[in-house]
Amino acid sequence: MRPLVLQADLDAAERMYEEGQRNDPIPLVTPLLGTVLPDPGPDGTLDQRLQRALTAALRTDGWTLSVQNERGHLHFQGETDVSCTVDLHRLHAALWPVDRHLLPGLLFALEVGSGRVTPIVGPHGASLICEQHFSTEALAEYTLPERFERPDLVLTERDAVRAARRLGIPHGQQVQDALPWPYFRDLLSLEDTLARLEQVLPRVPALGPLLTLLPELRAADDAFLHPTDDEWSDLFHDPIPHTFLTITGGDDDLSLDTVNEFLQNHWECGNVSPQWCVQVGRNGEGHDRLAAYLQHAPRIADLAAKCVGVLDLANRSLPVPKRT
């Protein structure tokens with residue numbers, strides 16, 4: 001007696017075959033080699049050749065390019081590498097009496113221009129991370145009612161923050177509480193920032209290169225393509241700092257502690273954090289987008305790194321501020 005073959009089994013087997021055909025990497029990867037990606041040569045497996053091509057495509061440090069084969073598409077993902085912290089407290093002390101909005105404007109312009117490839121995070125970016133990490137909604141609905149042993153307690157978010165301040169409980173406004181308000185409110189446009197920078201260059205001439213670097217960074221960011229709806233779902237939408245810029249000059253830096261706690265929690269949860277993604281399919285789908293990303297992402301990373309270098313050099317050129 002022959003076993004009965006059910007139609008459902010045949011349909012399942014056909015679906016598995018079709019899925020395997022869709023995820024066959026050969027027609028997805030081969031057209032990219034030597035065209036969008038550098039030619040890796042004929043040696044090795046397809047995966048090895050692709051990895052060599054990706055390595056050759058990375059023309060700058062600061063981010064890692066990976067690829068996954070899912071649902072008939074190659075998902076190329078660019079993920080920033082966490083680098084270092086740069087202290088700018090001398091620069092803050094020198095500029096604050098002259099123009100308290102200038103350094104906040106410079107750091108904000110750098111945050112905006114670098115954010116989609118290698119995020120440079122200053123006080124403003126740290127405050128956004130703080131608000132995300134320490135949810136005020138959770139503070140009002142769970143943390144404080146548990147603290148007061150009153151599950152029926154109803155608090156507005158404003159009242160919750162006030163209570164957290166009194167009790168010394170971490171909260172989403174603590175970075176803004178610890179640093180001067182011009183770093184968070186009434187931030188200058190790039191044009192106004194550069195106009196003010198020209199006026200203070202005689203005092204801090206080392207900042208001069210930013211007059212050209214920041215407009216170039218904005219132009220590179222403007223040329224960087226926005227993700228499609230499908231690519232958007234692959235992204236991690238909180239900034240993972242490539243470089244963190246602090247203005248405090250001390251070991252007791254609440255903004256740095258908050259960012260470090262956020263990063264530790266992020267890594268312990270095993271999250272991935274691609275800043276950008278391109279999906280490449282068959283018949284050239286996505287090839288132009290991948291080529292554009294590989295062109296502009298290294299330039300953004302390079303310009304952002306140069307801006308940080310200028311700020312660091314300017315900071316080092318200034319005397320240590322007197323303690324009051």
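**Exercise 1.** Show why helix 5 and helix 10 count as oblique to each other.

*Solution.* A quick word on the ground rules: this is a predicted model, where local features need pLDDT of at least 70 and side-chain atom pairs count only at pLDDT 80 or more, while totals for chains, interfaces and linings use all residues. Residues are numbered from 1 along each chain as its sequence is written, and side-chain values use heavy atoms, with hydrogens and water left out.

Step 1: get the elements straight. Helices (H or I, at least four residues) and strands (E, at least two) are DSSP runs, numbered from the N terminus.

Step 2: take the geometry. The axes of helix 5 and helix 10 are 9 Å apart, and the packing angle is about 130°. An axis here is a line fitted to C-alpha atoms, for helices over the stretch in contact, and angles run from 0 to 180 degrees between N-to-C directions.

Step 3: classify. Under 35 degrees is roughly parallel, over 145 roughly antiparallel, 65 to 115 roughly perpendicular, and the rest oblique. So the verdict for helix 5 and helix 10 is oblique.

Step 4: add the handedness. Helix 5 passes helix 10 in a left-handed crossing, meaning that the near helix is turned anticlockwise from the far one by less than a right angle (clockwise would be right-handed).

**Exercise 2.** List the residues that make the contact of helix 5 with helix 10, and sort them by class.

*Solution.* Contact means heavy atoms within 4.5 Å. Helix 5 brings Leu102, Gly105, Leu106 and Ala109, and helix 10 brings Leu190, Thr193, Arg196, Leu197 and Val200. For the classes, Ala, Val, Leu, Ile, Met, Phe, Trp, Tyr, Cys and Pro are nonpolar, Asp, Glu, Lys and Arg are charged, and the others, Gly among them, are polar. That splits the contact of helix 5 with helix 10 into six nonpolar, two polar and one charged.

**Exercise 3.** Is Leu110 buried or exposed, and which residues does it touch beyond four places in sequence?

*Solution.* First, place it: Leu110 sits in helix 5 (residues 102–114). Next, the cut-offs: buried is under 20% relative accessible area, exposed is over 50%, and partly exposed is in between (1.4 Å probe, protein chains only). With a relative accessible area of 1%, Leu110 is buried. Its contacts, skipping residues up to four places away, are Ile120, Leu214, Leu217, Leu245, Ala304, Cys307, Val308 and Leu311. One more pair to check: the C-alpha atoms of Leu110 and Arg218 are 8.7 Å apart, though 108 residues separate them along the chain.

**Exercise 4.** How do helix 11 and helix 14 (residues 287–316) pack?

*Solution.* Their axes are 9 Å apart, at an angle of about 155°, so helix 11 and helix 14 are roughly antiparallel. Helix 11 passes helix 14 in a left-handed crossing. The contact includes Leu213, Leu217 and Ala220 of helix 11 along with Ile300, Leu303 and Cys307 of helix 14. By class, the contact of helix 11 with helix 14 has twelve nonpolar, one polar and four charged residues.

**Exercise 5.** What do the buried residues of helix 6 pack against?

*Solution.* Start with who they are: Pro123, His124, Gly125, Ala126, Ser127, Ile129 and Cys130. They pack against helix 5, strand 4 (120–121), helix 9 (174–178), strand 5 (243–246) and helix 13. Zoom in on Ser127, which is buried at 2% relative accessibility. Beyond its neighbours within four places, Ser127 is in contact with Gly172, Val175, Gln176 and Phe184. As for helix 13 (residues 254–268), its axis comes within 9 Å of that of helix 6 (residues 123–133), and they cross at roughly 50°. Helix 6 and helix 13 are therefore oblique.

**Exercise 6.** Find out which parts of the chain the Phe224–Trp276 pair ties together.

*Solution.* The whole structure holds three aromatic pairs. Rings of Phe, Tyr and Trp (its six-membered ring) pair if their centres lie within 6.5 Å, with planes under 30 degrees apart stacked, over 60 edge-to-face and the rest tilted. Phe224 and Trp276 come out at 6.2 Å centre to centre with 85° between planes, which is edge-to-face. Phe224 is in the loop between helix 11 (210–223) and helix 12 (229–232), and Trp276 is in strand 6 (residues 274–280), so the pair ties together parts 52 residues apart in sequence. Phe224 is buried at 2%, and Trp276 is buried at 2%. Ring pairs also bring in Tyr293, giving a cluster of Phe224, Trp276 and Tyr293.
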